[in-house]
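Visitor: I have a few questions about this model. Could you take me through it?

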Amino acid sequence: MIVKLSSKHLNQLARIDLESSHQMSSHLNLDDYKEMLRHRFEEKHEVFFGFKEKNELKGYITIRLFFPGYKHCEIYWLSVKSKYHGKGIGTKLVKFVETHAKQRGFGKIFAYTNKAMKRTRKFYEKLGYKLINEFPGYYSYPENDTAVLYGKDLL
Ligand SMILES: CC(C)(COP(=O)(O)OP(=O)(O)OC[C@H]1O[C@@H](n2cnc3c(N)ncnc32)[C@H](O)[C@@H]1OP(=O)(O)O)[C@@H](O)C(=O)NCCC(=O)NCCS
């Protein structure tokens with residue numbers, strides 16, 4: 001089941017991030033994720049949706065309802081606990097926000113990810129996302145600082 005989330009879910013979301021095995025974030029601990037989430041909820045730029053099963057939040061996605069261009073929006077964050085990877089949760093979350101965005105009149109959806117995250121890139125490519133460009137120096141990691149931008153038409 002996909003549910004809308006709010007800041008009251010902050011602790012559970014930090015737990016998902018910590019347990020998602022994000023290849024580029026192995027140096028972050030639970031408090032780091034909580035701090036980032038606190039800031040993100042305060043900014044109010046993202047709409048949060050979670051995948052809930054048997055009363056456990058297993059993954060979440062956020063969408064920003066603006067992105068440079070006309071009728072463009074962005075998948076800003078996507079994270080699934082690693083013990084549940086490969087079970088279709090990420091796909092369900094992406095498809096859900098695509099429908100959400102389409103119903104709100106958006107024509108195109110974008111997502112940045114790290115160039116070095118091969119499995120994540122494959123995930124987006126399987127869902128029909130096309131590589132638009134790459135951006136060296138986008139991230140502040142000492143290595144693997146290149147971002148790739150993917151986009152998909154919603155019409
Ligand atoms: C990328 C991610 C959200 C995908 O979620 P998921 O629920 O595992 O994805 P699904 O089960 O719907 O899709 C599986 C496909 O995703 C890809 N994939 C990416 N990472 C994977 C992983 N760790 N395990 C299994 N499949 C993965 C594979 O191509 C797989 O296809 P296959 O089953 O034909 O091999 C999840 O692996 C994750 O949270 N990764 C760490 C954080 C991250 O990369 N976030 C993305 C934005 S920065």
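**Helices, core and ligand shell**

Guide: Start with helix α1, residues 10-18 of this predicted model. Its buried residues are Leu13, Ala14, Ile16 and Asp17. Seen down the axis of α1, they fall within an arc of 155°, so they line one face of the helix.

Visitor: Which elements do the buried residues of α1 pack against?

Guide: The residues concerned are Leu13, Ala14, Ile16 and Asp17. Their packing partners are a helix and two strands: α2, β3 (56-64) and β4.

Visitor: What span should helix α2 have, and how far apart are its end C-alpha atoms?

Guide: Helix α2 covers residues 30-43, which is 14 residues. The expected span takes 1.5 Å times one less than the number of residues. That gives 20 Å for α2, and the C-alpha atoms at its ends agree, being 20 Å apart.

Visitor: Which residue follows α2, and what is its phi?

Guide: Lys44 comes after α2. Its phi is positive, near 60°.

Visitor: Which residues of the largest nonpolar core touch the most other members?

Guide: This core has 28 residues. Helix α3, residues 89-103, gives the largest share, with 5 residues. In soluble globular proteins, nonpolar side chains tend to be buried together. The residues that touch the most other members are Ile61, Ile75, Leu93 and Val97.

Visitor: Which residues does Leu93 contact, leaving aside neighbours within four places in sequence?

Guide: Leu93 is one of the core residues that touch the most other members. Ile61, also named in that group, is among its contacts. The full set is Ile2, Phe49, Phe51, Gly59, Ile61 and Leu78.

Visitor: Which element gives the most residues to the shell around the ligand?

Guide: The shell has 20 residues, of which His85, Gly86, Gly90, Thr91 and Arg119 come nearest. Two or more residues come from each of β4 (72-80), α3 and α4 (118-126). The top contributor, with 5 residues, is α4.

Visitor: How many residues of that shell are nonpolar, polar and charged?

Guide: Take the classes in turn. The shell around the ligand has 5 nonpolar, 11 polar and 4 charged residues.

Visitor: Is Ile132 buried or exposed?

Guide: Ile132 is found in strand β6, residues 130-135. A residue is exposed if 12 or fewer other C-beta atoms lie within 10 Å of its own. Ile132 has 12 such neighbours, so it counts as exposed.

Visitor: Which residues does Ile132 touch, not counting those up to four places away in sequence?

Guide: Val80 is not close by: the two C-alpha atoms are 25 Å apart. The residues that Ile132 touches are Leu149, Tyr150 and Gly151.

Key
Residues are numbered from 1 along each chain as its sequence is written. This is a predicted model: local features need pLDDT of at least 70, side-chain atom pairs count only at pLDDT 80 or more; totals for chains, interfaces and linings use all residues. A nonpolar core is a set of buried Ala, Val, Leu, Ile, Met, Phe, Trp, Tyr and Cys residues joined through C-beta atoms within 7 Å. A residue is buried if 20 or more other C-beta atoms lie within 10 Å of its own, exposed if 12 or fewer, and partly exposed in between; C-beta atoms are placed from the backbone. Helices (H or I, at least four residues) and strands (E, at least two) are DSSP runs, numbered from the N terminus. Two residues are in contact if their C-beta atoms, placed from the backbone, lie within 7 Å. A residue is near a molecule or strand if its C-beta atom, placed from the backbone, lies within 6 Å of it. Ala, Val, Leu, Ile, Met, Phe, Trp, Tyr, Cys and Pro count as nonpolar, Asp, Glu, Lys and Arg as charged, and the others, Gly among them, as polar. The arc is that of the directions from the helix axis to the C-beta atoms.
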